[in-house]
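The two exercises below ask you to read a fold from its secondary structure and its strand pairing. Work through each task with the model in view before turning to the solution.

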Amino acid sequence: MARIFFPTSLQQLTGGTEECEIEASTVRELFARLEERFPGIREQVASAAVAIDGDVVPGALLEPLDPDSEVHFLPAISGG
Amino acid sequence: MSRTHVTCVLNGDPIDFLCNDYQTLLSVLRDELGMIGTKEGCGTGDCGACSVILDGQLVCSCLVFGPEVEGRSIETIEGMADGQHLHPLQESFLEGAAFQCGVCTPGFLVAAKALLDRNPTPTETEVRYGVAGNLCRCTGYDKIVRSILDAASRMSNPQTHKEAT
Amino acid sequence: MTTTRTGYKWVGTRPVRHDGLDKVTGRARFGADYATAGMLHGVVLRSPHPHAHIVAIDFSDALAVPGVKAIITGADLPDLSDEFGTGSEGGINFRDLSRNILARDKVLYEGHPVAAVAAVTLRIAQQAAEMIEVEYEVLPAVLSMEHAMEDDAPVLHDDLYTLGLDSPPERPSNISRRRVIARGDLDAGWEEADVVVEREYTTKAVHQGYIEPHAVVAETGEDGRSTLWCSSQGHFAMRTYTTKVLGWEPGDMKVIPAEIGGGFGGKTTIYLEPLAALLSRRAGRAVKMVMTRSEVFRATGPTSGSVMRIKMGARRDGKLVAAIAWMAYEAGAFPGSPIGPGVMTVLAPYDIPNVLIEGFDVVLNKPKVAAYRAPGAPMAAFAAESVVDELAEKLGMDPIELRIRNAVTEGVRAVYGPKYRKIGFVETLEEARDHPHYSAPLGPWQGRGVASGYWFNFGGETTATVSINEDGTAVVMSGCPDIGGTRAALAQMAAEELGIDVHRIEPVVADTHSIGYNDMTGGSRVAFAVGIAVVDASRQLIEDMCSRAALIWDVPREEVEWVDGRAQSVTGAAAPLTLEELASGSANTGGPLSATVTVNPRGAGAGFSTQICDVEVDPDTGLVTVLRYTVVQDAGRAIHPDYVEGQMQGGAVQGIGWALNEEYIFDRDGVMENPGFLDYRMPVASDLPMIDTVIVEVPNPDHPYGVRGVGETGIIPPMAAVANAVYAATGKRMQDLPMSPVRVLEALSGD
Ligand code: FES
Ligand code: FES
């Protein structure tokens, strides 16, 4: 099961939960599972940058997740 | 508004042009003569992107009015190479990676040429002060200064340079 | 894709760049160098007030001036709702973008565009602009962050409610967002700490300072299709943004990239483009617009001024155990400072178990900030790296040693969440420690400082095409403007793959109608992401050419290999086929040789830099002179070391300017007092020594040659490195930038 980490800004929606484990094979599926568990969260995570195993993945919706993947949601990172 | 007729020498060739009295030499070069190699970075004499050599003197062409060059001689970046042969400064800038975006490059080359015309063997400090009127935001000047020093040694020592390369 | 080999022929060499000749002869065409016959000239009328209601605009007299062809105001742009676009910039709000380009009901900074005029000459356009009558109702201006954050401060946007608060706000304010990062148990952390340092730091808004002002030529046809010539960091994004702001279709606009005279992040957004395009459509003629330097300063860029409070604690053995960072960044007139990367990077170099970081995005009546090289990270590092230096002193420990003991390494969890992949931070620290500079003797009033910095780097959407000409030369095409030698780097990677001379390859930056989409040149992404696409396309071509050789020789594909730019039979059954032979005969083997690859790669590879600075302080004048400077940075692999060094040197010098001289100065009425290069003083050659560089190469496993982005990281450490050096020279901790002579003198006389 993938390990999901919630930044402080999302913890209002997760009722204070900082991390959880979720069975999902893609990011899209992960978003759906998260929404079931924490209603309203999908919109928030969909606009965040998604980091999978330490790597910010652009346009991550169809990205596969390994059973031991770590997922983080970050503010969008700009570059100069 | 009537325009002034001006006759001068540009990169060795006699030319003439019409310009408004308020028009700068920079604007004449770029807008009237299509010589876009001379750049405008500020229009106030603070960046050196518009450097040209006027009667042997380095000037900011944004601070000279068009009519002022009547009867005078102007050198711009377009006249720097000798036919198919680049000026040693142009060669050393290319080989020394002395620019990134390159917008400051014509001004630096002209300013460096004015420096070497006056002082063929400058020290590093003299080079740094010689181009202190030119801004480059990309390079931090390191490779520009090295390239000017390199060109100076090529020019004052053409033989050793040829053997070295 | 992760095959790494050594013994390269082109990668790591220093060939003359392909666009070099045009740039040393004056032939290269930058933004302002385009002209079309009969084009008009456009100018912008700007607000003289930092904060005011626009009551009425009357341009009837101006429009009646002979030669004036069109005038537009905010009423001519469609009103957009909040909508966020992406790109390498992540999160641009089109509603705000539109309002920044032409003010609607309110002006929000001195210089805010109010109207635009196109006329047959620049002079007439300027005279007409002066005749436009704007009636303002002046409002109190908010010019400092302290003021902006007060409860009763005038509010810039009455629909702006702070995001990220524990309970939703009841009233609008000037704080658009709060960001928090927390981990561990701070109380336990402070308990464990033997020494604690707590200080407040401020930095001023500074400009990217590119030498080329913004410029555009727009031409709109009778059919509504338009062409834009402009210099930017990404012509695809310019098209997206411009058509979005105008309500036009992206497919109806072609953007042709000019050479770009520096950007540093500041040319990742639009200012003039929609104005020129709309004026052109109204007038039925091409319109050229070029900013003056004063306009560049007053209405583009800069990056945020900031206020930061940092508290850090360490054990006697040097282990950092707790840290609090409170940070507020100026966003300018609209939300969107780089506070996100600010909070993520401020402590990112170190493994600290107990942390609380809180950041605020604050609007005030100053120009809207734009990205600037590693946006948000340099000011954060100024604060944090100054505190680290002070901790080292309190602990009696060498500052590099303290950093090594706490440095993040592969597998360590970054303070903002994810675990680091392969990184080279410790390597940069060790190289700096062992560099002769670090132990060179110093004289009186001289001091040495060190500091480090971290930047994420970025991948991004990318298209590249590699084609072989009939003479065996190749064209490498991408859609990312070349600001600092990326054409050469891409050609080098293709040359390495194809096995041909780098100067038999022509790298091309193609317009929006000539190649698929590319994100901007930003986030230090080109050598990484475009490099991946170019290498993949080259490998596809090689595969194709080997198959064709097999076809010609009538042997199985496995019996053909690619060696030194030729297809070779492994059995020696046939004479090798050169690139030229394969290309000239391609009609018989399936058509032209060309491959296009699109990618959106992950794994950009984080960058770290450690820098050493020696200064001398003149006790009579307060002048700080940089005597010696060394930049150590992990580049993963330097494809063209000259241009990698160039990025490191250029970034360091921008940082030195930020540290010592540069700042936006406003008068009491909110008018910028130094909108020119004379008074906004960027470093010149005589201010500086040579900038030494050490390229560390810890290859990025996610790039075929190990490339990490190098463009941005170099600007992060300098302010702290200089401040730490000034401390070493004077015993004074400088907490406010810039460290101008006046400030230094004040500090020296504060005994
Ligand atoms: S344009 Fe003349 S000095 Fe800047
Ligand atoms: S190379 Fe860009 S300003 Fe000098």
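**Exercise 1.** Describe the secondary structure of chain B in this predicted model, and establish how its extent and its contacts describe the fold.

*Solution.* Begin with the inventory, in which chain B comes to six helices and five strands. Next, follow the sequence, along which these elements are arranged in the pattern β-β-α-β-β-β-α-α-α-α-α. The radius of gyration of chain B is 16 Å, and the globule rule gives a close value of 15 Å for 165 residues, so the chain is as compact as a globular protein of that length. Then turn to the C-alpha trace of chain B, which spans about 60 × 30 × 25 Å along its principal axes. As for burial, 54% of the 165 residues in chain B are buried. Finally, consider the contacts in chain B between residues at least 6 apart in sequence, of which 59% join residues at least 24 apart.

**Exercise 2.** Work out the strand order of the open sheet formed by three strands in chain C, and identify the strands that stand at its edges.

*Solution.* First, the order of the open sheet in chain C is S6-S2-S8, with antiparallel pairing. Strand S6 (106–107) and strand S8 (133–138) of chain C each have a single partner strand and therefore stand at the edges, where one side of each is left without a neighbour in the sheet. Now examine the pairing of strand S2 (residues 52–58) of chain C with S8(C), where six bridges join the two antiparallel strands. As a last step, locate C:Ile57, which stands opposite C:Val134 in S8(C).

Key:
Residues numbered from 1 in each chain as written. Chains lettered and ligands numbered in written order. Predicted model: local features only at pLDDT ≥ 70, side-chain atom pairs only at ≥ 80, totals over all residues. Helix = DSSP H or I, 4+ residues; strand = E, 2+ residues; numbered from the N terminus. Rg over C-alpha atoms; globule rule 2.2 N^0.38 Å. Buried ≥ 20, exposed ≤ 12 C-beta atoms within 10 Å, placed from the backbone. Contact = placed C-beta atoms within 7 Å. Pairing = 2+ DSSP bridges.
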